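I set out to look up the packing, the enclosed space and the charged pairs of one structure. My entries follow in the order in which I worked.

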Amino acid sequence: MEWCTSSENLITHMVLPPDPLIVDLGCGSSTLSIDLLLSLGGVDSGLVILIDFNPTSTPTFSDSRVSYLNADLLKPIELPECDNLCLIDKSTMDYILTLGPEAVTSYLTNNVLGRDAVYYCVSYHDEAFLGCILSNLFESVEMVEVEREDGADAAAHKEKDVADDDNEAYDVNGNFAPNSKYVKKCYLYKCCGSGRGLWKNEEIEERIKQHLDEFYMEKNTMISEERVEELRRLFEGGRLKLEDVWKRVFDEGLKSVYGLEDFTGEVEEWKGEKVDGLRVEEVVEFLKVMQ
């Protein structure tokens with residue numbers, strides 16, 4: 001079977017050392033590390049270790065150079081000795097940032113800083129925020145913006161340059177599935193030389209919290225006037241089951257960290273009773289409370 005890649009735009013900007021050990025920190029369903037391995041050519045170049053807390057979600061690839069490890073990234077992970085270590089972080093940092101500054105500290109000190117490695121971090125956070133933090137931890141940090149259009153995943157943190165078109169922007173199940181007019185922008189950081197001390201002060205922790213609030217709530221608001229009108233069209237004046245509400249209201253980026261069980265629990269806590277569905281007016285009120 002031919003392996004299909006959706007990582008070309010990222011790989012173009014990534015330079016690997018010869019015969020590298022590629023360690024994917026929290027790979028999830030991403031194929032980036034395997035795509036990097038294939039980009040080396042040949043059958044004897046490089047090794048890949050895919051690390052995830054839930055290995056059932058990792059991509060399956062039949063190659064003796066690829067191995068899998070079930071581990072908690074907030075705890076120290078022992079890696080093989082290697083002169084050409086390359087750490088890959090595709091949105092893992094973004095997720096850990098939502099857990100709070102202490103989790104970020106544990107992740108970095110246990111599994112990134114102190115290793116003689118190149119650390120590539122793919123993030124939705126720009127240079128003014130994440131770039132500033134990484135610059136205080138590494139001797140060298142380079143950043144490039146990358147635009148990616150790779151199927152339904154492009155819904156995460158989308159930038160919209162045209163009016164929504166129901167026939168194009170949503171699939172038959174009501175999930176947001178952007179067409180070519182929707183672009184997802186991310187940032188690729190290349191970090192080397194982790195010799196600096198790690199920040200642990202209240203100022204930087206408060207900055208992280210403030211930035212995340214702005215990033216998830218203000219820049220990607222769910223209750224703008226346009227969004228409310230869009231929801232009315234989707235609901236068509238009726239009532240939807242909670243699962244359908246969750247699928248239609250939240251983009252793929254938010255759904256990856258805010259599951260259906262989380263949503264259901266918060267809705268029922270808000271309503272004070274068990275519910276199996278919501279009207280559009282109730283959804284709008286819930287989103288206001290949530291925001």
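How do the residues of the lining of the largest cavity divide into nonpolar, polar and charged? I note at the outset that this is a predicted model. I find six nonpolar residues, two polar and one charged in that lining.

**Entry on the cavity.** I searched the whole structure and found one cavity of 30 Å³ or more. I record a volume of about 30 Å³ for the largest cavity. Its lining consists of Leu87, Val112, Arg115, Ala117, Val118, Tyr119, Phe138, Gly193 and Ser194. Strand S5 gives the largest share of this lining, three residues.

**Entry on the cores.** I then turned to the largest nonpolar core, which has 33 residues. The members that touch the most other members are Val23, Leu25, Ile51, Leu87, Met93, Tyr107 and Tyr119. Two or more residues of this core come from each of several elements, including strand S1 (21-25), strand S4 (85-90), helix H4 (101-111) and strand S8 (182-192). I also noted a second, separate core of 23 residues, with Leu36, Leu50, Cys86 and Tyr120 among them. In soluble globular proteins, nonpolar side chains tend to be buried together.

**Entry on Leu87.** I followed Leu87 further, since this residue is listed both in the cavity lining and among the best-connected members of the largest core. Leaving aside neighbours within four places in sequence, I find Leu87 in contact with Val23, Leu25, Leu79, Asn111, Val112, Arg115, Ala117, Val118, Tyr119 and Tyr120.

**Entry on the salt bridges.** I count seven salt bridges. Asp63 pairs with Arg65, with the closest N and O atoms 3.0 Å apart. Asp63 is partly exposed at 22% relative accessibility, whereas Arg65 is buried at 8%.

Arg232 pairs with Glu281, with 3.6 Å between the closest N and O atoms. Arg232 belongs to helix H8 (residues 225-235) and Glu281 to helix H12 (residues 280-290), so this salt bridge ties together parts that are 49 residues apart in sequence. I class Arg232 as partly exposed, with a relative accessible area of 38%, and Glu281 as partly exposed at 42%.

For Glu282 and Lys271, I find the closest N and O atoms 2.6 Å apart. This salt bridge links helix H12, which holds Glu282, to helix H11 (residues 260-271), which holds Lys271, across 11 residues. Glu282 counts as buried at 11% relative accessibility, while Lys271 is partly exposed at 30%. I close with the network of salt bridges that links Lys271, Arg279 and Glu282.

Terms used:
Residues numbered from 1 in each chain as written. Predicted model: local features only at pLDDT ≥ 70, side-chain atom pairs only at ≥ 80, totals over all residues. Heavy atoms only, no water. Core = buried A, V, L, I, M, F, W, Y, C linked by side-chain atoms within 4.5 Å. Buried < 20%, exposed > 50% of the residue type's maximum accessible area, 1.4 Å probe, protein only. Helix = DSSP H or I, 4+ residues; strand = E, 2+ residues; numbered from the N terminus. Contact = heavy atoms within 4.5 Å. 1 Å grid on protein atoms, 1.4 Å probe; cavity = no way out; pocket = protein on both sides within 12 Å on 5 of 7 lines; lining within 4 Å. Points joined across faces, edges and corners; volume = space filled by probe spheres on them. Nonpolar A, V, L, I, M, F, W, Y, C, P; charged D, E, K, R; others polar. Salt bridge = Lys/Arg side-chain N within 4 Å of Asp/Glu carboxyl O.
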